[in-house]
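Let's take a walk through this structure together. Have the sequence and the 3D view open beside you as you read.

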Number of protein chains: 2
Amino acid sequence: MVVEAGCILSAAKERAAEDGMFFPLALGAQGSCQIGGNVSTNAGGINVLRYGMTRDLVLGLEVVLPDGKIWDGLSTLRKDNRGIDLKQLFVGSEGTLGIVTAASLKLNPLPAQRATALVAVASLDDAVALYRLARRECCDLMSAFEFMPPTAFALAQAAMPDLVMPLSNEYQAYVLMEISGSGLIDVADLMQRFLELGLERSLVLDGVVAASESQARMLWNFREAMVEGQVKRGRHLRTDVSVPLSNLAAFVREAELQLAAELPECLAISYGHVGDGNVHLNVLPPVQTSEAERHAIIKRAKSIVNGVLADYRGSISAEHGIGREKMEEFRAALPPVQAAMLAAVKAALDPEGRMNPGVLF
Amino acid sequence: MVVEAGCILSAAKERAAEDGMFFPLALGAQGSCQIGGNVSTNAGGINVLRYGMTRDLVLGLEVVLPDGKIWDGLSTLRKDNRGIDLKQLFVGSEGTLGIVTAASLKLNPLPAQRATALVAVASLDDAVALYRLARRECCDLMSAFEFMPPTAFALAQAAMPDLVMPLSNEYQAYVLMEISGSGLIDVADLMQRFLELGLERSLVLDGVVAASESQARMLWNFREAMVEGQVKRGRHLRTDVSVPLSNLAAFVREAELQLAAELPECLAISYGHVGDGNVHLNVLPPVQTSEAERHAIIKRAKSIVNGVLADYRGSISAEHGIGREKMEEFRAALPPVQAAMLAAVKAALDPEGRMNPGVLF
């Protein structure tokens, strides 16, 4: 499906759905963000686990180059292996090499069935173990696996006071899990049998499966309200880091321990997509903190998180990109060989440095 | 999993399997080809449908650059969105920008179950319809869907005289289909129910499901012997083209009609992976043809196929790359804007033109 860059993501998804197809990119901002921006930032979101990031969902691009020429790379071929794949340069380059004006999107069949469950687990380690079990037992049908911390519900309720806790007790960690598909596989039955297996293996402590579309919506509200609840707490450190999955729990544990020791007055919360090693480890100063103090706390917290992250060879940007905000950190950590390669590519395509100055370069 | 570039593909697959994991790249040449070559040519193969090409299976690379410096991009992160993704430049660039010396590979859970079936269908149109049905009904568990022409069996038997035709009649077209997975989904049952649905919809005319690993092997032998059978017929035109899936049957029909009209003495056969729009449309001169005549026939046949392909905005190389053989065709069809972009990238990374001269540039 070919869409113009200005097409709103949710409109693109609706257009695909009219033909019984599914464009899997799914973000909080989908009602306002545009396909051109999704491509230029290589947007991620909740379906990355199964369908990949924007890079994996693009078959071709049309790009206006810095010299004003138009590159027509709007292929709709699923498979094309004619040498260097130029479109890859524009995906995620944040507008620094050219302006994406249209994209050809890869579609999937629209899932007709969806099973959503909120599951309580004992720890992030167990959440990772449950994820690995789900990858095996549910094969490629798992479409979301979101980890949330013990404070998730309190945060969610702060943003959405009517929210009812779907589980009867509080737990150390939660997982919001979704399996989806169409056709001959009974997805609800698969979810049921998977959760029973999780209980048997003592990985699942409690859980609730949405019995309707509106109940599923409510479980997702829990996840989204948790994010909003943080905003209500005032300015705080938001991170978007990734480490290899095998190190995820150790990384979070170590960073949270260091944060608790050095910034005991703050609330550190970690949540994320688990399966791709991506975690948002955020640090919230106490509500009453002044703006000046917040600034100092955020700076300190960021340096603690990044310090631990470097030990794990992690990424400071798993899905949100660099932009202007992470420019300094990004450039500081760039190995010289890589910096020289990037500079050469930039000079080759945008010799006068016209495109999005101050970003990436 | 990090492997050196010289690692044989089948050895990499075995190493992954020792940890219960699966490296999905699967090619006829897997016993001799090396990971470095797979990366540089962005190799495809029979599992592309589900797992993608080599590009989709690589998390990081180590590359020796034309100036002798080493770029350490050997990340094992599943998700990393720090601006321009340099590794994409080296995947599929056929050694023209640097020498890949190691790769970090993305693994999947090893499928514990596999169901293989050989199915008879009435036409390539029906094969495409059956593929679309399978994409919906078997969700993402279909791992192969290979289309074969009516002459497939005769060709296969020429290469493998002991081969027993697995179906009791001859048909207009065959599909070799595989569903695989692990865990809670009964893959054999899924295949059975899918074939019943295909029969109900009159898309499946006949079929046989492998009852054992050795029977599955035998069905794959049929596919592989068909390829060998062509080699036994002497030099011929081999193509590796792709068109959008919705045009696949029309493209093949038109190309075969033109070939039948202009080269009636030749045997045109079309087979391929269907789901990704990739078809190998080969043209075999009569066995007795002299080498000089073969040369003329191949040239004429290629021009017919490429003519029809151009009308469908198809690719002359869906998975095999350009190399030296398709250099002329590739350069002739390159739009000027794209040629200038490629030249700029080449000059940026390999200003002296040291890397694999004569290929792509």
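Let's begin where the two chains meet: 81 residues from chain B and 82 residues from chain A take part in the contact. Keep in mind as you look around that this is a predicted model.

How much area is buried between chain B and chain A? The value is about 6500 Å², with 61% of it coming from carbon and sulfur atoms. If you would like to find the residues of chain B that lose the most area to chain A, look for Lys79(B), Asn81(B) and Leu184(B), which together account for 14% of what that side buries.

Now turn to the charged pairs. The rule finds 10 salt bridges across the interface of chain B and chain A. You can pick out a salt bridge between Arg313(A) and Asp72(B), where the closest N and O atoms are 3.6 Å apart. That pair counts as a salt bridge because the nitrogen has to lie within 4 Å of the carboxyl oxygen. Polar contacts join the two chains as well, with a count of 34 residue pairs between chain B and chain A.

Which elements of chain B give two or more residues to the side that touches chain A? Among them are the strands S4 (70–73) and S6 (108–109), along with helices such as H5 (124–137), H7 (187–200) and H12 (336–349) of chain B. H12(B) gives the most, with eight residues. Sorted by class, the residues on this side of chain B are 38 nonpolar, 25 polar and 18 charged.

Next, try comparing the two chains with each other. Chain B is superposed on chain A by a rotation of 180° with 0.0 Å of shift along its axis, and the RMSD is 0.0 Å. The two copies are therefore related as by a two-fold rotation axis. Both copies also use the same surface, since 100% of the contact residues of chain B recur in chain A.

With the pair in mind, let's step inside chain A. Its domain assignment gives domain 1 (2–108), domain 2 (113–232) and domain 3 (241–311). We will follow domain 2 and domain 3 of chain A, whose centres, taken over C-alpha atoms, are separated by 23 Å. Here 16 residues of domain 2 of chain A are in contact with 16 residues of domain 3 of chain A.

These two domains of chain A bury about 1400 Å² between them, and 65% of that lies on carbon and sulfur atoms. On the domain 2 side, Leu124(A), Phe147(A) and Gln230(A) supply 32% of the area buried against domain 3, more than any other three residues.

How many salt bridges are counted between domain 2 and domain 3 of chain A? The count is one. You can also find Arg253(A) in a salt bridge with Asp125(A), their closest N and O atoms being 2.6 Å apart. In addition, five residue pairs are in polar contact between domain 2 and domain 3 of chain A.

Finally, see which elements domain 2 of chain A brings to domain 3. Those giving two or more residues are helix H5 (124–137), strand S8 (142–148) and helix H8 (213–232) of chain A. H5(A) gives the most, with five residues. By class, this side of domain 2 of chain A has 10 nonpolar, two polar and four charged residues.

How values were computed
Residues are numbered from 1 along each chain as its sequence is written. Chains are lettered from A and ligands numbered from 1 in the order in which they are written. This is a predicted model: local features need pLDDT of at least 70, side-chain atom pairs count only at pLDDT 80 or more; totals for chains, interfaces and linings use all residues. Side-chain values use heavy atoms; hydrogens and water are left out. Contact means heavy atoms within 4.5 Å. Buried area is the accessible area (1.4 Å probe) that two parts lose on being put together, summed over both. A salt bridge is a side-chain nitrogen of Lys or Arg within 4 Å of a carboxyl oxygen of Asp or Glu. A polar contact is a pair of N or O atoms within 3.5 Å; within protein, one must be able to donate a hydrogen and the other to accept it, and residues adjacent in sequence count only if both atoms are side-chain atoms. Helices (H or I, at least four residues) and strands (E, at least two) are DSSP runs, numbered from the N terminus. Ala, Val, Leu, Ile, Met, Phe, Trp, Tyr, Cys and Pro count as nonpolar, Asp, Glu, Lys and Arg as charged, and the others, Gly among them, as polar. Copies are superposed by least squares on the C-alpha atoms of residues with pLDDT of at least 70 in both. Domain bounds come from an automatic or database domain assignment.
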